[in-house]
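Biologist: Could you walk me through this one? I'd like to start with the pocket and then move to the core.

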Amino acid sequence: MKWWQKKSVYQVYPKSFLDTTGKGTGDLRGVIQKLDYIQSLGVGAIWLTPFYPSPMVDNGYDISNYTEIDPRFGTMADFEELVKEAAARGIKIVVDLVFNHSSDKNQWFLESKSGKTNEKADWYIWRDEKTNWRSIFGGSAWEFCEERGQYYLHTFAKEQPDLNWENPKVRQALYDAANFWLDKGAGGFRIDAIVYIKKPKEFVDGEPDSDGMSSIHNMTAATDGILDFLREFKEKVFDGRDIFTVAEANGVQPKNLSEWVGKNGVFDMLFEFSHVNIMFENGAEIWHRAKLYKLSDWKKTLTESQKSTKNSWYPIYFENHDRPRPVNTFFPSGSDKILAAKALATILFTLRGTPFIYQGEELGFENTKFDSIDDYDDISSRGNYDLARADGLSDKQAMKFVQKFSRDNARTPMQWNSEKNAGFTSGKSWLPVHEDFKVCNVENQEKNPDSVLNFYRKLSKLRNSSEVLISGEYEEFFPENEELFIFTRTLNGKKFMTLVNFTTHEVNLPEKILAGGKKIAGNYSDEKNYFRATEAAIYEF
Ligand code: GLC
């Protein structure tokens with residue numbers, strides 16, 4: 001077992017974590033200050049989302065220099081101190097590699113767009129003609145550049161031009177940047193949007209949608225040949241290092257995971273999206289087209305991922321900086337949110353794989369709600385709103401979907417205490433703090449032995465100290481059941497069973513299922529022979 005299989009990972013979105021200067025946005029020194037808190041969750045690594053120089057069109061996922069720190073987040077000395085202080089607590093710092101695209105303010109792009117013959121002329125994807133592809137954040141995926149007299153491709157915002165991975169010099173420059181961070185002491189990488197780096201041979205129009213465009217995700221995700229690039233990436237950067245890699249891969253199906261991860265794959269783990277995007281057709285996140293789904297279908301995605309990573313490894317996650325808060329997403333409305341947060345934690349720490357905790361998840365954060373689209377910072381919220389309006393929805397209807405799915409739901413500041421701005425900043429917070437901060441905050445939850453926070457700590461400890469929960473085999477029971485999720489983990493005759501009631505009513509348990517078992521954790525303290533609303537428990541056999 002490797003170090004990153006034995007502990008959890010905590011994801012920090014530095015902009016919303018802790019501001020130590022009063023400017024209204026968080027910084028690296030804020031992360032240093034809270035290392036003891038993070039350590040208390042039993043984690044072995046912190047995944048930091050981008051802190052590199054950036055115009056912040058997409059909050060740092062538009063990088064203008066791959067090997068520096070944005071002054072808003074601090075200095076290189078702060079980064080080095082963070083690595084050192086974290087190491088003193090047994091924690092490694094994992095950095096985010098955004099290699100599908102850069103910022104349009106990156107020196108590489110400025111040079112590339114200046115003409116057709118400069119040294120970096122084909123570092124990006126330039127064409128005389130455009131296709132009907134719609135970018136992930138809305139609008140055409142092609143932007144005309146007057147200076148060069150051609151279109152360039154952008155999978156995401158127009159300020160995020162796609163790099164041309166076919167060019168070996170581009171690949172080498174990216175590998176050099178990755179190695180730079182390893183030399184600085186990074187303990188691994190989260191690799192952004194990797195499924196889009198290989199473009200199809202032919203650039204042709206796709207099946208048009210209601211707005212006459214076709215989702216670029218459907219046209220380019222996981223194109224044949226992508227694994228050749230990735231094998232080279234592995235050889236030039238990851239091989240022989242004691243690090244872990246986890247790649248973001250919307251569009252890779254659970255059944256194909258074995259080609260991507262493990263011994264014959266390229267990464268240690270892959271964030272596939274089948275369980276978090278179950279409401280979207282083909283994973284294309286068009287919010288107002290979200291469909292209802294059955295619990296059995298959701299459970300099936302998790303079971304398939306567990307099965308296809310049987311001989312490799314899986315990053316268990318329900319939240320990150322791109323997802324709405326799961327207590328509002330995966331439980332029926334009317335569910336008690338504290339019970340729901342603990343129920344998800346019960347699954348998070350008992351599936352097979354490394355649990356990824358996203359800041360605020362360990363407090364049971366809920367979605368936020370702004371009334372006007374102008375109040376949203378998240379660029380994808382605006383794209384989705386426009387698309388909904390173009391599809392004929394009223395402002396009110398479109399806003400309902402923005403409120404439900406906006407990435408700003410995950411980006412409201414951490415709630416440290418019940419003082420001004422929840423203790424996040426002494427200045428004006430870049431995004432409003434959630435209105436529940438006086439009740440839901442770290443200080444309050446520290447004091448309450450029954451809080452979500454202390455439940456996370458308890459389960460994390462249980463998982464980190466149990467061979468069965470770390471490496472035991474996964475098996476699902478009653479997959480067709482539309483109310484309960486039941487699975488076991490077994491190793492050398494020892495067994496744990498997780499049971500979660502996803503409804504808001506009492507549910508009878510399958511007969512004798514708990515015979516011989518002893519309850520060791522749960523979100524209700526006592527036991528009945530049926531499961532109450534949103535009840536979750538772990539039994540040991
Ligand atoms: C990934 C990131 C997301 C970003 C996008 C473009 O999905 O997680 O935040 O907007 O890639 O880089």
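Biologist: Which residues lie nearest the centre of the largest pocket?

Modeller: Bear in mind that this is a predicted model. The largest pocket holds about 690 Å³ of space, and its lining runs to 25 residues. Nearest its centre you'll find Asn328, Thr329, Phe331, Pro332 and Lys404.

Biologist: And which element gives the largest share of that lining?

Modeller: Elements giving two or more residues are α10 (295-308), α11 (326-329) and α14 (395-405). By class, the lining has 13 nonpolar, six polar and six charged residues. The largest share is five residues, and they come from α14.

Biologist: Is glutamate 435 buried or exposed?

Modeller: Glutamate 435 sits in the loop between α14 and α15 (442-447). Its C-alpha is 8.0 Å from that of threonine 368, though the two are 67 residues apart in sequence. Exposed means over 50% relative accessible area. Glutamate 435 comes out at 76%, so call it exposed.

Biologist: Which helix gives the largest share of the largest nonpolar core?

Modeller: That core has 156 residues, and Phe189, Phe233 and Phe267 have the most contacts inside it. Its largest share is eight residues, from helix α6 (residues 168-183).

Biologist: What is phenylalanine 233 in contact with, leaving aside its neighbours within four places in sequence?

Modeller: Phenylalanine 233 is among the residues with the most contacts inside the largest nonpolar core. Leaving those neighbours aside, its partners are Leu97, Phe99, Trp165, Tyr175, Ile191, Ile194 and Phe238.

Biologist: How many residues are in the second, separate core?

Modeller: Leu484, Leu499, Ala537 and Tyr539 are among its members. The count for this second core is 11 residues.

Technical notes:
Residues are numbered from 1 along each chain as its sequence is written. This is a predicted model: local features need pLDDT of at least 70, side-chain atom pairs count only at pLDDT 80 or more; totals for chains, interfaces and linings use all residues. Side-chain values use heavy atoms; hydrogens and water are left out. On a 1 Å grid over the protein atoms alone, a cavity is a set of points where a 1.4 Å probe fits but cannot get out, and a pocket is an open set with protein on both sides within 12 Å along at least five of seven lines; lining residues have an atom within 4 Å of a point. Grid points are joined across faces, edges and corners, and a volume is the space filled by probe spheres set on the points. Helices (H or I, at least four residues) and strands (E, at least two) are DSSP runs, numbered from the N terminus. Ala, Val, Leu, Ile, Met, Phe, Trp, Tyr, Cys and Pro count as nonpolar, Asp, Glu, Lys and Arg as charged, and the others, Gly among them, as polar. Buried means under 20% relative accessible area, exposed over 50%, partly exposed in between (1.4 Å probe, protein chains only). A nonpolar core is a set of buried Ala, Val, Leu, Ile, Met, Phe, Trp, Tyr and Cys residues joined through side-chain atoms within 4.5 Å. Contact means heavy atoms within 4.5 Å.
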